[in-house]
Amino acid sequence: MSTQFELVAVEGPAKGRRFSVGAGGMRLGRSSACEITVPDPELSRTHCLFEVREGALWVTDLVSANGTCVNGEKLEAAPRRLSPGDSVSAGRNRFSVKEADDDPAVTGKIDLGLGKKDPQWDGKASADGGDAGKTQSLRYVLWGVAAVSICVSAALFILPPPVVTGGAAQDDAVGREVAAEEDKLLSFSFERVEASADAVFRYALSYDGNAFNVQIDDVHGADDAKMNRYLVKTEAADDEDRRRMAEILGSRELYRLAREYNGMPLAPNTLQSISLHVVRSARVFDVSVENKEPPEVLRVVAEKLNEFAKTRFSMWAIQYSVEDLIAKSAEARRAGDVKWDERDVAHGNLAEALKNYSLATELLDTVNPKPADYRALEERRREAKKELDRRFAEQRFRADQVINMKDWNAARRELRVLCEMIPDTEDRRHRDAAAQLRNVEMRSKRR
């Protein structure tokens with residue numbers, strides 16, 4: 001077995017927890033997108049990154065607000081190599097570095113084998129003239145994807161076993177009238193995979209009757225390891241979620257599909273697949289499509305599941321590549337800069353600048369390492385928020401003054417400015433000012 005590393009939390013909110021760091025790396029922070037999520041207010045959303053490079057463990061501070069320390073020394077922008085026994089402090093947490101055996105059952109990570117070659121294939125040409133090493137790498141990719149799928153499916157079968165209909169009889173329950181309470185949705189798992197010899201993108205959404213789980217692995221070869229992204233999120237399901245799932249997965253045509261649809265790869269050493277596994281009270285349904293356009297009903301279901309996940313998990317940005325995220329972030333920052341420069345032209349410009357700066361930082365949430373100007377972007381976002389809070393407080397004071405003087409005409413003007421300064425109608429400050437404005441207008445009409 002190869003060597004991997006373990007982080008043992010010895011102080012702070014995470015004390016007592018152990019984290020095995022494999023080839024995929026792990027991020028530490030408050031965000032649920034991090035592999036190590038700790039509810040520590042002194043941590044940034046994505047605070048630092050632990051990753052294994054050439055058999056050694058490294059830590060990188062991700063431009064955190066309070067910084068990351070190794071053996072008491074604060075890190076700069078450059079990554080720091082760690083050794084067993086080193087101490088890493090982040091927020092109120094302190095971790096001790098230890099070596100551990102690389103056991104997938106412990107780490108929960110699967111080595112997709114990207115960029116690796118089997119020695120017996122190294123330097124040999126494949127039958128189609130391509131690099132046999134890449135073929136072997138793709139084989140590792142597909143094994144990894146298959147292993148993940150097996151794990152997801154196994155978890156679903158913890159539920160009480162329903163009646164299984166197999167083969168051509170997938171649609172038995174569809175061909176007869178089944179009462180809703182007899183065919184309740186118990187669980188499902190949906191997976192989309194795009195893989196080549198150099199990279200794999202895996203998107204998985206599952207539901208176990210109580211909660212939804214989404215996982216995204218965007219893994220590149222050794223040359224592009226810095227572009228790797230991982231995301232895991234879990235959200236409890238409510239009645240509206242269950243109603244929506246019953247609607248999406250309620251199509252009778254869906255359950256008439258065959259189990260498998262297979263085609264030829266669009267390019268050598270590639271895989272494109274979609275699979276859906278549904279467990280209902282009256283049946284178990286499976287369908288998988290590889291290297292082929294999915295049937296229309298499955299395509300529609302897949303799109304609806306994707307839209308649901310984007311909304312439910314607030315994760316619409318993850319659908320873009322790293323390059324697209326960086327480009328869209330830069331575009332949002334430019335829009336923010338325009339509004340910032342014109343913050344004295346219109347009352348709402350400062351809020352618009354803050355909105356764009358916040359979007360620019362959110363787009364980079366899963367991008368590591370961050371672009372060179374990320375620290376300046378974060379600083380401008382904080383500056384815009386501070387300035388908006390200051391101006392709002394001053395305007396709030398002026399409005400309260402004229403209200404106390406019962407100068408209703410002046411009060412209307414000042415309250416309208418407050419509403420313009422915070423145009424977001426979901427913001428409590430806007431709602432409070434708008435409610436007070438309506439009250440003042442009613443008083444003014446009574447005069």
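**Exercise 1. Place strands S3 and S4 in their sheet.**

Strand S3 (residues 26-29) and S4 pair in parallel, over two bridges. Helices (H or I, at least four residues) and strands (E, at least two) are DSSP runs, numbered from the N terminus. Two strands pair if DSSP finds at least two bridges between them. The model is predicted: local features need pLDDT of at least 70, side-chain atom pairs count only at pLDDT 80 or more, and totals for chains, interfaces and linings use all residues. Residues are numbered from 1 along each chain as its sequence is written, and side-chain values use heavy atoms, with hydrogens and water left out.

Step 1. Take Leu28. Its bridge partner in S4 is Ile36.
Step 2. Widen the view. The open sheet has five strands in the order S4-S3-S5-S6-S9, with mixed pairing.
Step 3. Find the edges. Strand S4 (36-37) and strand S9 (80-82) each have a single partner strand, so one side of each lacks a neighbour in the sheet.

**Exercise 2. Which residues of helix H3 (residues 239-248) are buried, and what covers them?**

Step 1. Apply the cut-offs: buried is under 20% relative accessible area, exposed over 50%, partly exposed in between (1.4 Å probe, protein chains only). Asp241, Met245 and Ile248 are the buried residues of H3.
Step 2. Check the directions from the helix axis to the C-beta atoms, which define the arc. These residues cover an arc of only 65° around the axis, which puts them on the same side of H3.
Step 3. Look for the cover, using contact (heavy atoms within 4.5 Å). It includes strand S12 (185-195), strand S14 (211-220), strand S15 (229-236) and helix H4 (296-312).
Step 4. Inspect the N-terminal end. Asp238 caps H3 there, with a side-chain oxygen 3.1 Å from the backbone nitrogen of Glu240.

**Exercise 3. Compare the surroundings of Lys370 and Arg429.**

Step 1. Locate Lys370. The loop between helix H6 (349-363) and helix H7 (374-404) holds Lys370. Lys370 counts as buried, because its relative accessibility is 12%.
Step 2. List its contacts. Beyond neighbours within four places in sequence, Lys370 touches Thr46, Val63, Leu364 and Asp365. Its side chain reaches the backbone oxygen of Leu364 at 3.4 Å.
Step 3. Locate Arg429. Helix H9 (residues 428-446) contains Arg429. Arg429 is partly exposed, at a relative accessible area of 23%.
Step 4. List its contacts. Leaving aside neighbours within four places in sequence, these are Asp389, Phe392 and Ile422. A polar contact of 3.2 Å joins the side chains of Arg429 and Asp389. Such a contact is a pair of N or O atoms within 3.5 Å; within protein, one must be able to donate a hydrogen and the other to accept it, and residues adjacent in sequence count only if both atoms are side-chain atoms.

**Exercise 4. Classify the ring pair of Tyr255 and Phe285.**

Step 1. Set the rule. Rings of Phe, Tyr and Trp (its six-membered ring) pair if their centres lie within 6.5 Å; planes under 30 degrees apart count as stacked, over 60 as edge-to-face and the rest as tilted.
Step 2. Count. The rule gives six aromatic pairs.
Step 3. Apply it. The centres of Tyr255 and Phe285 are 5.1 Å apart and the planes stand at 70°, so the pair is edge-to-face.
Step 4. Place the partners. Tyr255 lies in the loop between H3 and strand S16 (260-262), Phe285 in strand S18 (residues 284-290), so the pair ties together parts 30 residues apart in sequence.
Step 5. Check burial. Tyr255 is buried at 2% relative accessibility, and Phe285 is buried at 0%.
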